Structures are given as structure tokens and as C-alpha cells.
Amino acid sequence: MSWSSQMTVPFCLQCLSMINDVANTVAPIRFFDPALQAIGEKVIEGSRLSLEEGAVLYETRDVHGVCRLADLVRRRMHGRVAYYNVNRHINYSNICALSCSFCAFHRKKDQDGAYEMSVEQVTQEAIKAEEAGATELHIVGGLHPWLDFSYYTSMLSSIREAAPSLHLKSFTAVEIVHLQRISKRGKEGYEGMKSVLRDLRDAGLGSLPGGGAEVFDDRAHDTAFKGKIRGDQWLDVHRAAHEVGLNTNATMLYGHVEGRPERLVHMDLLRKQQDVTLQNWAATQGISTPGSPEQVTLTGPAESYPNHRLPMPGQAGLETGYFQTIIPLPFFPDGSGLEQLPGPSGLENLRTLAIARLMLDNIPHAKAFWIMQTLGMAQLMLDAGANDLDGTVVWYDITHLEGATTHQETTTNDLRRAAEEAGYEAVERDTLYRRVNRNGSKWSLAPEVALR
Ligand code: SF4
């Protein structure tokens with residue numbers, strides 16, 4: 001079976017004619033920097049951008065030209081839809097064995113502000129979230145030195161039983177490595193990691209968030225994140241998660257001690273890993289892949305891509321997980337051990353989001369994480385490649401513990417207004433990007449999913 005003859009292809013390789021059909025409906029883009037012209041032509045024809053071309057996108061003064069290009073890609077993948085979800089964050093403990101210099105969240109056990117929640121407390125929070133209509137719980141915490149593995153599986157299974165409609169997006173890669181260690185499977189290497197993930201999945205884990213990737217560069221890692229897992233371990237955890245059928249997100253923390261070239265390498269490593277995931281999946285389906293490793297994930301409107309779509313989660317034929325969303329995260333120096341750094345500017349945030357959209361051609365979604373970007377900036381990012389605003393959140397400690405408030409919350413009305421004011425159709429999704437029908441706190445998945 002070849003790509004061109006397969007009728008239920010989850011993604012296709014170089015499906016250029018279809019891309020051109022969509023791209024041709026977009027008015028030609030005018031650039032103020034002629035260096036962007038050739039890159040723009042590659043984007044329009046659907047070709048993958050090189051690291052050198054990524055560097056041009058970072059160096060050009062025509063930031064808005066870069067944003068317009070990313071907008072073209074975003075429109076052909078997602079039309080004018082802007083996704084959001086109704087979610088809650090639970091940080092079960094801020095006690096951590098590590099002391100990362102950039103982290104304002106962690107505490108030592110006897111330090112002021114240290115806390116840990118019991119399984120019962122977490123479950124009560126989950127019940128409240130479900131009653132309020134949330135579809136997702138985002139659960140992360142520090143690397144607690146004394147809690148044992150059963151705490152984590154009990155937490156998941158207890159929530160699963162008490163609030164079964166919630167999707168549990170839980171544990172960053174460094175937590176998974178920690179859980180492997182405390183479950184005494186550290187010596188089993190990659191297979192031990194997979195068995196930990198299977199246990200968590202069987203207890204109720206639905207997907208992994210993308211946190212803790214920082215930036216995949218050993219120099220930057222050893223300068224700012226020493227003690228945390230390096231990029232190769234982070235990628236291993238996500239590969240293992242995909243192999244046990246869990247979707248994951250990917251982040252990139254930028255604007256600290258890394259440089260722009262390291263960001264591009266980070267993006268390249270993510271898309272290479274996604275290539276492998278998707279090619280392995282294709283092999284399980286008996287779909288042959290041409291020699292070129294370049295892939296385009298076609299996730300756009302059904303009318304544009306009727307035959308080239310990933311099966312939806314839960315549908316037959318999708319046994320693997322994959323990276324579903326790229327989330328560029330700006331570094332916040334305040335309260336961290338790197339307070340002397342200025343942090344990224346608004347324009348750098350816009351540019352980085354747009355470049356991530358352009359470089360990561362095989363990751364379906366790009367998120368403007370309003371909690372860290374602000375809702376106003378996230379709104380602007382919808383025109384620079386983002387198709388997702390994240391959710392209503394309620395409580396986000398990770399970046400704001402030192403700030404005036406730890407209670408981060410917005411309403412669906414605010415998210416919808418932000419999207420609609422920017423000219424987009426606001427669509428509520430679940431964690432796996434399935435359309436949600438909502439009536440107050442009651443919700444269901446839409447029977448027909450018009451968009452991925
Ligand atoms: S970033 Fe994570 S691992 Fe590092 S100190 Fe903070 S909570 Fe601990």
C-alpha cells in the first residue's frame with residue numbers, strides 16, 4: 001500500500017497538491033525582507049524548513065512576515081478555529097528533591113510554604129473540578145523524596161473512580177523518571193520506563209503534559225537545569241509514552257541562557273522524534289513510506305483533507321501515541337535563581353511561537369499558553385501560528401508562586417471573547433482535541449468531529 005492509495009492515512013508525506021489547493025486560497029504574502037521570499041515559497045509548497053532557514057526566520061527584522069507565514073500554515077491545518085478547554089491544575093506537592101535554579105515553585109520539606117496533598121485531598125479537588133464541568137485535570141508536582149509509587153497509582157485510580165469523566169494529563173518527564181526510580185525499575189532502563197507508564201496508564205493516566213523539556217542543549221542544561229534530566233532522557237520518556245499509546249505534549253522553555261540556535265535544534269529533535277513515531281505507526285498499518293523522512297501532519301478541515309487524517313483517539317487503527325501540541329514557554333526570571341536575566345520580549349515571544357509552527361510541520365497543534373503569555377498576547381498569537389489557547393486552568397503555581405497570586409483562572413467567556421474578537425471560531429475541545437458540546441457544567445463529545 002502506498003501513501004497515495006491509502007484511504008485512511010493518518011498523515012501523509014509530501015502531500016503537496018492538496019497543500020497547494022489550500023495555500024492557493026490564501027492571498028500572496030508580502031515580505032519586507034526579501035530573504036523571506038524563498039522560505040515563503042517552501043512553506044507554500046509544503047516543504048520542510050531547514051535549520052538554516054529557521055535561523056533566517058530568527059534573524060529577519062520582518063517579524064510580522066514570519067507571523068504571516070505561520071498563519072498560513074495554521075489556517076491550512078485548522079482553518080479559523082481557536083481551541084480552548086475547561087481544565088483544572090492540581091500541583092499535588094511542591095516538595096522536591098531537586099533545586100533547579102530557574103524554579104520558583106519547589107520547597108524543601110521543612111521550608112515555609114512546603115505542602116503535600118493526600119490522595120483524598122486530590123480526589124476531593126477532582127470531584128469539585130468534575131462538578132464544575134472540567135474535562136481535564138493537569139496534575140504535576142515536585143519530585144517528592146518520600147512518597148512511594150503507590151501514592152501515584154492510588155491517586156490516579158481514586159480520581160478515575162470518583163470523577164470518571166476527567167481526562168488525567170499528568171506527570172512531566174522528570175517525574176516519570178523519578179517514578180521509575182522509586183518503583184525500583186531504574187535498572188531496567190527503557191523497558192522499566194515503559195512498564196511504569198503502563199502501570200500509570202492502567203491506573204487512569206490519559207496523557208503526559210509537555211513540561212520539563214526546557215531546551216535540548218547540554219550546555220544550557222548544565223548551566224541552568226543541572227540535576228534535571230537532559231534532553232535525551234526527556235525524549236526517551238515521551239517515546240516510551242507514545243509506544244504505550246499515550247499522547248503527549250512538547251514544550252520549549254526559552255529566553256534564559258540558551259541561544260536561538262539551540263531553540264532550533266530543540267525543534268528539530270522534536271520533529272525527528274515525531275517522524276519516527278509516525279513512521280513506526282505507518283509500518284504497523286502496512287503503509288509503506290517513501291525514502292524521504294519529511295512528513296506533513298494533515299489535521300485541517302475535513303473538506304480540505306478528507307482522506308488524509310489521523311484517526312481520532314479511540315478509533316481503530318491508532319495504537320500509538322504522538323506529540324499532539326507544541327507549547328513554547330517564555331522564561332520568567334522573577335523568583336528564580338536567574339533573576340539577573342531579562343526574559344524574552346513580546347516580539348520574541350511572537351516570533352518564537354511562529355517559528356515553532358513553521359518548523360514543527362508534523363505536530364498538529366501549537367498552543368499560546370495564556371498563563372505564561374498573558375491572554376492578550378495569546379490572542380495576538382492566534383495570528384502567528386497558534387490554534388489553541390489552553391484552558392480555564394484555575395490554580396497554577398508553577399511560575400507564579402513568588403508573584404502576587406497563585407490563583408490563575410479565566411472563564412470560558414473570556415477565552416471565547418479573546419478568540420472571537422480576533423476573528424476566530426472558538427471551539428471547546430477535550431484533551432485529545434475532540435470537539436465538546438456543552439450545556440453549563442454538563443458536556444459530551446460531539447458525535448461528529450469536524451476538525452481535529
Ligand atoms: S523544576 Fe521541577 S524538578 Fe526542578 S526544582 Fe522545580 S519542581 Fe523540582
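Strand β11 (residues 436-439) and strand β12 (residues 442-445) run antiparallel and are joined by four bridges. Strands here are DSSP runs of E with at least two residues, helices are runs of H or I with at least four residues, and both are numbered from the N terminus. Two strands are said to pair if DSSP finds at least two bridges between them. Within this pair, R438 has W443 of β12 as its bridge partner. The two strands make a hairpin with two residues between them, and G440 in the turn shows a positive phi of about 65°.

A word on the model itself is useful here. The structure is predicted, so local features need pLDDT of at least 70 and side-chain atom pairs count only at pLDDT 80 or more, while totals for chains, interfaces and linings use all residues. Residue numbers start from 1 along each chain as its sequence is written.

Taken as a whole, the chain contains 15 helices and twelve strands. Of its 452 residues, 50% count as buried; a residue is buried if 20 or more other C-beta atoms, placed from the backbone, lie within 10 Å of its own, exposed if 12 or fewer do, and partly exposed in between. Among contacts in the chain with a separation of 6 or more, 77% come from residues 24 or more positions apart. Two residues are in contact if their C-beta atoms, placed from the backbone, lie within 7 Å.

Two open sheets can now be traced. Seven strands make up one of them, in the order β2-β3-β4-β5-β6-β7-β8 and with parallel pairing. β2 and β8 (365-366) stand at its edges with a single partner strand each, so one side of each has no neighbour in the sheet. At one end, strand β7 (residues 323-330) pairs with β8 in the parallel sense over two bridges, and the partner of I326 in β8 is A366.

The other open sheet has three strands in the order β9-β1-β10, again with parallel pairing. Its edge strands are β9 (388-391) and β10 (425-428), each of which pairs on one side only. Neighbouring strands in this sheet are turned by 25° against each other on average, direction ignored. Strand β1 (residues 81-85) is linked to β10 by four parallel bridges, and Y84 is matched with E428 of β10. Helix α15 (residues 412-421) packs on this sheet and touches β1, β9 and β10, its direction making about 145° with that of β10. Axes are lines fitted to C-alpha atoms, for helices over the stretch in contact, and angles run from 0 to 180 degrees between N-to-C directions.

Helix α3 (residues 51-59) has two contrasting sides. Its buried residues are E53, G54 and L57. These residues lie on the same side of α3 because they cover an arc of only 105° around the axis, the arc being that of the directions from the helix axis to the C-beta atoms. On the other side, L51, E52 and E59 are exposed.

The loop between β2 (87-91) and α5 (119-131) holds A104. A104 is buried because 20 other C-beta atoms lie within 10 Å. The C-alpha atom of A104 is separated by 5.3 Å from that of G335, although the two residues are 231 residues apart along the chain.

Finally, the ligand is surrounded by C96, L98, S99, C100, C103, F105, H106, G142, L143, V174 and K228, where a residue is near a molecule if its C-beta atom, placed from the backbone, lies within 6 Å of it. This shell has seven nonpolar, three polar and one charged residues. Ala, Val, Leu, Ile, Met, Phe, Trp, Tyr, Cys and Pro count as nonpolar, Asp, Glu, Lys and Arg as charged, and the others, Gly among them, as polar.
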